[in-house]
Amino acid sequence: MISLARITLIREWRRFLPAILAVGFAGLLVLVQLALLLGIFRTIAVYIDTSRADLWVGYPDTRSVDLARPISTRNEVFLRAHPTVADVEAFDWSVGDVRRPDGSAALATVIGIDTRAGALALDRVVTPAQRRALDEPDTILVDMSSTANLAARLGTMLEVNGRRVKVVGLTRGLNAVGGANLTASLATARSLDTGAAPDQVGYFLVKLRDPNAAARVRDELAPRGVNRPYSVWTASEFSEMSQRYWLLESGLGLGFLFSGGIALCIGIVITSQTLKSVVQASLREYATLRALGISLRSLRLVVLEQSAWVGVIGVVLTVLITLGIVRLAAVFHILVTAPGWAYAGTAGFIFTIALASGVLALRALAQSEPATLLR
Amino acid sequence: MSVAPTLSATALHKSYGAGAARIEVLRNLSVEIFPGELTLCTGPSGSGKSTLLAALSGLLTPDAGAVTLLGEDILNRTERDRDAFRLAHCGFIFQGFNLFPALTAFEQVLLPLKFMAVPVAAARERAHEALAAVGLAHRAHLRPTALSGGEKQRTAIARALAKQPQLLFADEPTSSLDGANGRIVIDLLHRIARERGATVLCVTHDPRLHDHADRIIHLEDGRILRDSRPTHS
């Protein structure tokens with residue numbers, strides 16, 4: 001038997017095109033904003049997420065990894081004393097004033113990592129060869145996302161805090177929110193950090209014999225009392241803490257949430273108005289069916305089916321274009337993260353918008369006697 | 001007249017607006033309409049004829065009065081019951097045709113049958129029959145944009161006819177048609193009344209139709225001014 005909804009959609013697709021595009025692009029806006037936001041947050045925690053440590057040890061009550069303050073190197077002994085701890089290594093963090101080859105200035109984060117083979121720090125972005133190369137004093141790695149910003153290539157000489165260093169490798173995936181990420185050996189990082197005291201370090205990374213015991217060991221290592229020398233976090237906990245800090249307490253996160261919210265509102269308005277106008281264009285025809293005795297419920301189902309199809313096609317459009325954008329972003333070293341739940345959530349959401357818009361559009365028919373529409 | 005009326009209204013009142021702007025559209029109007037006849041309801045604009053048609057067909061609730069359709073008091077029924085009654089017994093034709101732009105003539109006729117849950121094969125047969133009855137069998141595959149005004153109205157008639165209604169309501173069915181097409185449409189309505197025994201009530205201000213009517217009710221200011229049965233060949 002014929003389906004009024006589908007036949008209308010197929011034969012009168014031009015009338016539905018604006019609604020489909022509105023739904024699709026509303027979803028696209030939300031999803032891409034979300035992917036960028038998640039990408040940025042992943043950037044915040046990239047040091048944690050690309051390292052192999054089970055526990056992070058740092059200045060008491062540090063709220064985000066980038067807010068590092070030095071702790072005493074003497075703490076290492078206590079950490080190593082725990083039977084479940086397999087290895088402890090230092091991780092340095094400082095800010096560098098970079099002078100590019102052309103003399104102009106830029107800001108960078110200088111990360112000092114252990115260069116031993118199999119070290120924990122930045123395990124997923126620094127190759128073993130690059131780690132070995134850093135053993136040579138005054139050498140650094142630059143991330144590909146920052147090469148343009150620093151005007152640096154392999155072999156370029158940069159000046160960091162007044163000291164000349166050579167770029168001996170390019171990392172991939174070590175994006176930075178502000179400035180650039182420079183990776184160096186602990187010794188080089190120390191020599192570049194003009195304010196560093198010799199017996200201090202940014203963080204200790206801890207590897208456990210049993211990674212599943214992370215939460216327990218964290219509690220056992222945590223110092224008690226008022227003047228605690230350090231805090232201990234599991235890697236995932238520290239990553240989440242850092243991202244949450246940026247989401248809720250930095251203007252950046254709130255700004256993104258705000259613009260995502262606006263994108264959503266615009267999408268809702270455009271979609272509902274367009275679907276409403278499509279339904280209202282056929283209001284007299286629907287009223288005629290009402291006169292012929294076809295119940296409001298049956299007509300509602302027709303409009304719902306129509307809206308559902310608009311939603312489905314819109315969702316497909318959203319997903320396809322977002323996949324394309326995510327791929328494009330990777331080419332330009334822009335960190336966007338679109339996990340499955342973001343796709344599913346956005347799809348569910350815009351599908352709901354489409355359905356709700358259809359129901360609202362029929363209100364004109366439900367609220368008036370058919371006779372008044374048939375004048 | 002020995003036949004019982006299929007459609008009767010008693011003491012209908014209907015007004016719009018309030019206070020000084022209040023307009024009484026139907027004033028204590030009572031009327032009986034009989035099956036097998038084409039009854040025309042005429043009168044100047046604003047005389048209340050369209051409101052009467054809407055009230056008589058259960059599309060509009062009057063302020064006071066009673067409406068009996070096929071022996072049933074239609075006003076004392078729920079919205080859902082009224083829908084069911086109209087679905088089973090009523091056909092409608094409007095001045096504006098009100099055809100879905102996406103559907104072919106055949107599909108327009110088929111659509112109400114689908115909602116009536118008529119089995120597919122039977123529905124298709126009835127739709128073909130109805131289109132043949134209005135002389136559009138060869139145009140069944142066309143969408144409204146490809147049909148002339150007269151053909152669109154005949155499609156609308158076929159849509160009403162396929163339901164096999166006992167009551168057929170037409171609101172200004174010829175107003176947007178030329179003389180020739182208007183004549184075809186009114187002839188069709190007349191034949192439906194005569195051959196199928198349906199009660200056909202047609203509201204019009206088109207004097208060309210008077211010759212085709214079995215009965216003419218002339219309305220003015222919400223009252224029946226004249227009720228006549230023209231004698232013609």
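A surface patch here is built from residues with over 30% relative accessible area and no salt bridge, nonpolar side chains being joined within 5 Å. In this predicted model, a nonpolar patch of about 990 Å² turns up on the surface of chain A. Its members are A:Trp13, A:Leu17, A:Leu21, A:Phe25, A:Trp309, A:Val312, A:Ile313, A:Val316, A:Leu320, A:Ile321, A:Leu323 and A:Ile325. Two helices of chain A, H2 (13-44) and H12 (296-331), each put in at least two residues. Helix H12 of chain A is the top contributor, with eight residues. One of the patch members, A:Ile313, sits in that helix, H12 of chain A. A:Ile313 has a relative accessibility of 36%, so it counts as partly exposed; the cut-offs for that label are 20% and 50%.

Next comes the place where the two chains meet. The size of an interface is often given as the accessible area lost when the parts come together. For chain B and chain A, that buried area is about 2,800 Å², and carbon and sulfur atoms give 65% of it. Three residues, B:Asn98, B:Phe100 and B:Phe115, account for 22% of what chain B buries against chain A, more than any other three residues. Counted by residues, the contact draws 33 from chain B and 28 from chain A.

Charged and polar groups take part as well. Four salt bridges run between chain B and chain A. In one salt bridge, A:Arg11 pairs up with B:Glu107, with 2.7 Å between the closest N and O atoms. Across the interface of chain B and chain A, nine residue pairs are in polar contact. On the chain B side, helix H1 (49-56), helix H2 (79-89), strand E6 (90-94), helix H3 (105-115) and helix H4 (120-133) each bring at least two residues to the surface that touches chain A. Helix H3 of chain B gives the largest share of that side, six residues.

Back within chain A, what about a lysine in a strand: is A:Lys207 buried or exposed? A:Lys207 belongs to strand E10 (residues 203-208) of chain A. With a relative accessible area of 19%, A:Lys207 is buried, because buried means under 20%. Leaving aside residues up to four places away in sequence, A:Lys207 touches A:Arg52, A:Asp54, A:Thr84, A:Val85, A:Ala86, A:Asp87 and A:Leu120. As for A:Arg52, its backbone oxygen lies 3.5 Å from a polar atom of the A:Lys207 side chain.

Technical notes. Residues numbered from 1 in each chain as written. Chains lettered and ligands numbered in written order. Predicted model: local features only at pLDDT ≥ 70, side-chain atom pairs only at ≥ 80, totals over all residues. Heavy atoms only, no water. Patch = residues over 30% accessible without salt bridge, like charges linked within 9 Å, V, L, I, M, F, W, Y side chains within 5 Å. Areas by Shrake-Rupley, 256 points an atom, 1.4 Å probe, with all protein chains shown as cover. Salt bridge = Lys/Arg side-chain N within 4 Å of Asp/Glu carboxyl O. Helix = DSSP H or I, 4+ residues; strand = E, 2+ residues; numbered from the N terminus. Buried < 20%, exposed > 50% of the residue type's maximum accessible area, 1.4 Å probe, protein only. Contact = heavy atoms within 4.5 Å. Buried area = accessible area lost by both parts, 1.4 Å probe. Polar contact = N/O pair within 3.5 Å; in protein donor to acceptor, adjacent residues only side chain to side chain.
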